Structures are given as structure tokens and as C-alpha cells.
Amino acid sequence: MDWRDVIDELDAGVERIAATLEGLSDHALRGASALPGWSRGHVATHIARNADSLWNLLEAARTGTEIPQYPSLERRNADVAAGAGRGRGELVADVRATQARFSEQARSLPESAGSAPVRAMMGWPHPAWYTVFRRWNEVEAHHVDLAAGYGPADWPEPYVRWSAAATLADMAALPDRLLGELAGLRITATDSGETAELGWTPGGPEASGSGRALLGWLSGRSDGAGVHLRPDGPLPGPPPWPHEPSRFSEESGR
């Protein structure tokens with residue numbers, strides 16, 4: 001999927017988030033989200049600040065001046081905490097306005113700037129255009145984290161197709177020390193046939209399910225419903241997601 005086509009998907013995804021937030025009272029927004037220690041207001045604020053942070057990377061690509069995604073992890077967390085207690089109207093306006101600003105920046109990014117290298121907060125580099133795909137994961141995963149009725153079953157199919165394939169490819173490239181409980185496993189998407197062999201050898205354990213079921217499990221946004229493990233037993237816990245991208249394929253806009 002071309003990265004410029006993803007921008008419309010992002011706008012639609014943020015409108016779905018805004019609609020979810022508009023259906024919540026201020027009291028509910030201060031209630032617990034699916035992320036430990038964060039209220040729904042924290043999650044909504046993070047969605048907005050993430051748009052700002054990724055705008056920074058596109059601006060760095062546009063201008064050729066290095067701009068960090070966030071000034072620091074401490075500053076990121078402080079900004080989220082500072083905005084978490086706001087009322088519904090202010091949170092919704094922030095989420096919408098920051099997405100509009102990000103989308104405008106992405107749509108107007110010169111083709112030459114799209115391939116400029118930028119650096120994620122965790123230090124790994126990627127071309128600027130991949131920022132749009134990173135935002136897609138943020139929008140869809142954190143909508144689930146609001147714990148307000150939106151789940152993996154509601155993810156749009158184009159997002160599932162891209163993110164499930166990218167997750168399997170990136171996970172297969174992880175070093176063994178980062179695989180945790182998934183070491184030795186083979187994971188297969190039954191609808192696409194895509195696989196990730198995580199040090200698997202013939203006769204070893206295998207997990208399978210639709211791309212949607214696998215993405216919900218591997219992203220930590222479901223308990224693994226729809227994922228089947230052979231031999232039978234409890235599903236292993238996946239490592240932190242998303243992962244550093246292992247490659248950039250033509251399907252993702254190259």
C-alpha cells in the first residue's frame with residue numbers, strides 16, 4: 001500500500017477515536033484505560049502528542065535539520081500527564097487538530113524528502129515516509145487502549161493486512177534475545193499464508209490464526225482469541241510491540 005494512501009486511513013481512524021471520546025463523560029475519561037497507570041485521558045493525550053512528535057520527523061526530513069521525535073522520554077511523559085485531566089471537548093479538539101496538522105505535513109512532503117532518513121525515539125532509523133505507517137499503528141492500537149468498545153475486530157481490513165504482515169516480518173528479524181517466550185515458535189497467518197519462524201525447527205511448537213487474530217495477540221491488544229497453538233497449551237506472551245522495521249517492501253510504498 002502506498003504511504004500517501006495511508007493518510008486518508010489515518011484521518012478516518014482519528015475520526016473514529018474522536019467519536020469514541022465524544023461518547024464518554026468527563027468522569028469516564030478519567031477512568032482506567034487498558035494501559036497500566038493511564039486513564040483514558042492519558043491515552044487520548046498521547047494520541048495527540050504522538051501526532052506532534054511524528055510531525056517533527058517529517059519537518060526534519062523536509063528541512064534537512066535534525067529534530068528529535070520527542071525532546072526526551074521524560075518530557076513526553078510529562079506532557080501526557082499534564083493533558084490527561086482535560087475535559088472531553090478539549091481532548092477531542094486536540095486529537096483532531098494534531099492529526100490535521102500531521103496530515104497536512106505528510107500530504108505536502110516533497111517526494112525527495114520522503115526518502116530522507118529520520119530516527120525514532122528508540123534510536124532506530126527509517127525513511128521519513130515510514131512515519132505515516134508508524135502513525136497507523138499508534139492510531140489503531142491506542143483506540144483499542146481506550147477500553148471503550150473498540151477492539152481488534154473493529155480494525156479496518158487494510159490496516160490488518162499491512163500491520164499483520166509487517167509484524168510477522170519484523171518479528172522474524174528480531175534477535176533471539178528479544179523473542180522472549182516466543183523463541184522456537186513458528187507463527188502462520190492462515191488467511192495470507194505468511195509466516196514467521198522464530199528459531200523454529202521441524203516438530204517445534206506452532207501458532208496459527210487469521211492475520212487479525214495474530215495481530216491482536218502479538219500487539220498485546222487481545223488475549224489471543226482465535227489463535228491456535230500446537231501442541232495445546234497456554235499461548236506464550238509476546239515481546240513488546242511494535243518492533244524495529246526489518247525491511248521496507250514495495251507493498252509499504254517503496
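**Exercise 1. The main core**

Task: work out how many residues the largest nonpolar core has, and which of them have the most contacts inside it.

Solution. Keep in mind that this is a predicted model. Step one is the count: the largest nonpolar core has 48 residues. Step two is picking out the residues with the most contacts inside it, and those are L21, V95, V132 and F133. Step three is to see where the core comes from. The elements giving two or more residues are α1 (3-22), α2 (26-29), α3 (40-63), α5 (88-107), α7 and α8. Of these, α3 gives the most, with 9 residues.

Now zoom in on V95. Skip residues up to four places away in sequence, and V95 touches V14, I17, L21, A44, I47 and A48. There's also a second, separate core of 17 residues, with L168, A189, L198 and L214 among its members.

**Exercise 2. The whole chain**

Task: decide how compact the chain is for its 254 residues, using its radius of gyration.

Solution. Begin with the inventory: the chain has 9 helices and 6 strands. Its radius of gyration is 18 Å, and the globule rule gives 18 Å for 254 residues, so the chain is as compact as a globular protein of that length. Along the principal axes, the C-alpha atoms fill a box of roughly 55 × 45 × 30 Å.

Next, check burial and surface. Buried residues account for 51% of the 254 residues. The accessible surface is about 11,500 Å², and 52% of that belongs to carbon and sulfur atoms. Finally, look at contact range: take contacts between residues at least 6 apart in sequence, and 64% of them join residues at least 24 apart.

**Exercise 3. Aromatic pairs**

Task: find how many aromatic pairs the structure holds, then classify the W129 and F133 pair from its geometry.

Solution. The total is 9 aromatic pairs. For W129 and F133, the ring centres are 5.9 Å apart and the planes are at 80 degrees; that angle is over 60, so the pair is edge-to-face. Both W129 and F133 are buried.

Try Y159 and W162 for contrast. Their centres are 6.3 Å apart with 50 degrees between the planes, and this pair is tilted. Y159 and W162 are 3 residues apart in helix α8 (residues 157-172), which means about one helical turn separates them. Y159 counts as buried because its relative accessibility is 0%, and W162 counts as buried at 8%.

Last step: follow the ring pairs. They link W129, Y130, F133, W136, W155, Y159 and W162 into a cluster.

**Exercise 4. Charges over rings**

Task: say which ring the charged end of R186 sits over, and at what distance from its centre.

Solution. The ring belongs to W200, and the charged end of R186 is 3.9 Å from its centre. Elsewhere, R76 lies over the face of Y70, at 6.0 Å from the ring centre.

**Exercise 5. Two helix ends**

Task: for D145 and G83, decide whether each is buried or exposed, then list their contacts beyond four places in sequence.

Solution. Take D145 first, in helix α7 (residues 130-145). Its relative accessibility is 3%, so D145 counts as buried. Leaving out neighbours within four places, D145 contacts S33, A34, L35, V43 and R221.

G83 belongs to helix α4 (residues 73-83). At 7% relative accessibility, G83 counts as buried too. With the same neighbours left out, G83 contacts T45 and L91. As for V95, 12 residues along the chain from G83, the two C-alpha atoms are separated by 11 Å.

**Exercise 6. Backbone oddities**

Task: locate the cis peptide bonds at P231 and P242, and the positive phi at A147.

Solution. Start from the background: most residues other than glycine have a negative phi, and most peptide bonds are trans. The bond joining R230 and P231 is cis, with omega about -10 degrees. The bond from W241 to P242 is cis as well, with omega near -5 degrees. P231 is in the segment after β6 (228-230), and P242 is found in the segment after β6.

A147 isn't a glycine, yet its phi is positive, about 50 degrees. A147 is in the loop between α7 and α8. With a relative accessibility of 39%, A147 counts as partly exposed.

Terms used:
Residues are numbered from 1 along each chain as its sequence is written. This is a predicted model: local features need pLDDT of at least 70, side-chain atom pairs count only at pLDDT 80 or more; totals for chains, interfaces and linings use all residues. Side-chain values use heavy atoms; hydrogens and water are left out. Helices (H or I, at least four residues) and strands (E, at least two) are DSSP runs, numbered from the N terminus. Buried means under 20% relative accessible area, exposed over 50%, partly exposed in between (1.4 Å probe, protein chains only). Contact means heavy atoms within 4.5 Å. Rings of Phe, Tyr and Trp (its six-membered ring) pair if their centres lie within 6.5 Å; planes under 30 degrees apart count as stacked, over 60 as edge-to-face and the rest as tilted. A charge sits over a ring if NZ of Lys or CZ of Arg is within 6 Å of the ring centre and within 35 degrees of the ring normal. The radius of gyration is taken over C-alpha atoms; the globule rule is 2.2 Å times the number of residues to the power 0.38. Accessible areas come from the Shrake-Rupley method with a 1.4 Å probe; for residues, only the protein chains shown count as cover. A nonpolar core is a set of buried Ala, Val, Leu, Ile, Met, Phe, Trp, Tyr and Cys residues joined through side-chain atoms within 4.5 Å.
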